[in-house]
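Good morning, everyone, and thank you for making the time. Please take a moment with the sequence and the model on the screen, and then I will walk you through them.

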Amino acid sequence: MKDTINYYQQREFHVFVTKTFPNLIQLKKEGNKETFNKLILKILPSIKKYIKGRLSAAINAGHFSKNKYNADEFVDQLFIEVYEHIDEVKKADDFYLWLFKKTDELLEDVIVEDEFDEFFFKNIDDYSKPEWDEMEENFSTDGDGDLLMVDELDDSSYNKN
């Protein structure tokens with residue numbers, strides 16, 4: 001029974017998003033950002049649930065730590081993406097799917113970027129170790145206890161003893 005209710009809720013949301021699309025296009029053409037934003041705010045709570053689910057899956061897969069990202073950050077970015085790129089959608093029926101594709105793109109970008117950063121910063125010491133070893137200087141002490149670089153002791157004017 002719960003699956004049936006969930007299906008009808010999703011279908012209802014899909015219909016709502018499809019019916020909202022022409023209004024959003026018109027509001028963007030008019031430059032009425034305030035009403036555009038209010039209308040988008042009615043759509044985004046359901047997408048926020050989707051984002052939370054994807055973030056949980058990414059955390060469970062080990063892509064990043066639990067509290068590193070917040071669903072609200074993605075919702076804010078999606079807000080901007082919708083306003084800037086809503087003209088890409090040709091038909092109202094495609095808007096629902098387009099919203100989720102944009103959401104997936106935002107999430108995938110963050111996951112890939114985070115994986116790269118973790119790989120790069122984890123291995124940066126391995127890449128730079130030979131250079132650090134090459135720059136390392138060997139020191140010795142003279143009779144007074146002062147430090148001298150071993151390279152300076154290679155001078156031919158010094159006594160070999």
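**A walk through the model**

I would like to begin with Phe121, which is exposed, with a relative accessible area of 55%, where exposed means over 50% relative accessible area, buried means under 20%, and partly exposed lies in between, all with a 1.4 Å probe and protein chains only. Phe121 is found in helix 4, residues 92-135, and together with Phe116 and Phe120 makes a nonpolar surface patch of about 330 Å². A patch here is built from residues with over 30% relative accessible area and no salt bridge, with nonpolar side chains (Val, Leu, Ile, Met, Phe, Trp, Tyr) joined within 5 Å and like charges joined within 9 Å.

Before going on, a word on the basis of all this: it is a predicted model, in which local features need pLDDT of at least 70 and side-chain atom pairs count only at pLDDT 80 or more, while totals for chains, interfaces and linings use all residues. Residues are numbered from 1 along each chain as its sequence is written, and side-chain values use heavy atoms, with hydrogens and water left out.

Now the overall picture. The protein chain has four helices and two strands, and along the sequence these follow the pattern α-α-α-α-β-β; helices (H or I, at least four residues) and strands (E, at least two) are DSSP runs, numbered from the N terminus. Of the 161 residues in the chain, 26% count as buried. The accessible surface comes to about 12,000 Å², of which carbon and sulfur atoms contribute 51%, the areas being computed by the Shrake-Rupley method with a 1.4 Å probe, and for residues only the protein chains shown count as cover. If we take the contacts with a separation of 6 or more, 58% of them are between residues 24 or more positions apart, a contact being heavy atoms within 4.5 Å.

Let me turn to helix 2, residues 33-60, whose 28 residues reach 38 Å from the first C-alpha to the last, close to the 40 Å expected at 1.5 Å a residue; the expected span is 1.5 Å times one less than the number of residues. Where does helix 2 bend? The bend, of about 40°, is at Leu44, and a proline, Pro45, follows within four residues; the angle is taken between axes fitted to the seven residues ending at a position and the seven starting there. Leu44 is also among the buried residues of helix 2, which include Phe36, Leu39, Ile40 and Ile43 as well. After the helix comes Gly62, whose phi is positive, near 85°.

Two of those buried residues, Leu39 and Ile43, are touched by Thr20, not counting residues up to four places away in sequence. Thr20 lies in helix 1 and is itself buried, with a relative accessible area of 3%.

Helix 3, residues 71-85, agrees with its expected span, because its 15 residues should cover 21 Å and its end C-alpha atoms are 21 Å apart. Its buried residues include Phe74, Leu78, Phe79 and Glu81.

That brings me to the charged pairs. The whole structure holds nine salt bridges, each being a side-chain nitrogen of Lys or Arg within 4 Å of a carboxyl oxygen of Asp or Glu. In one of them the side chains of Lys28 and Asp87 meet at 3.2 Å, N to O, and this pair links distant parts of the chain, with Lys28 in helix 1 and Asp87 in the loop between helix 3 and helix 4, 59 residues apart. Is Lys28 buried or exposed? Lys28 is buried, at 18% relative accessible area, whereas Asp87 is partly exposed, at 47%. The neighbour in sequence, Lys29, is exposed at 68%, and its C-alpha is 9.8 Å from that of Asp87.

Finally, consider Arg54, which forms a salt bridge with Asp104, the closest N and O atoms being 2.5 Å apart. Arg54 lies in helix 2 and Asp104 in helix 4, so the pair ties together parts that are 50 residues apart in sequence. Arg54 also meets Glu108 in a salt bridge, at 2.7 Å, N to O, and that pair again joins helix 2 to helix 4, 54 residues apart. Arg54 is partly exposed at 22%, as are Asp104 at 25% and Glu108 at 36%.
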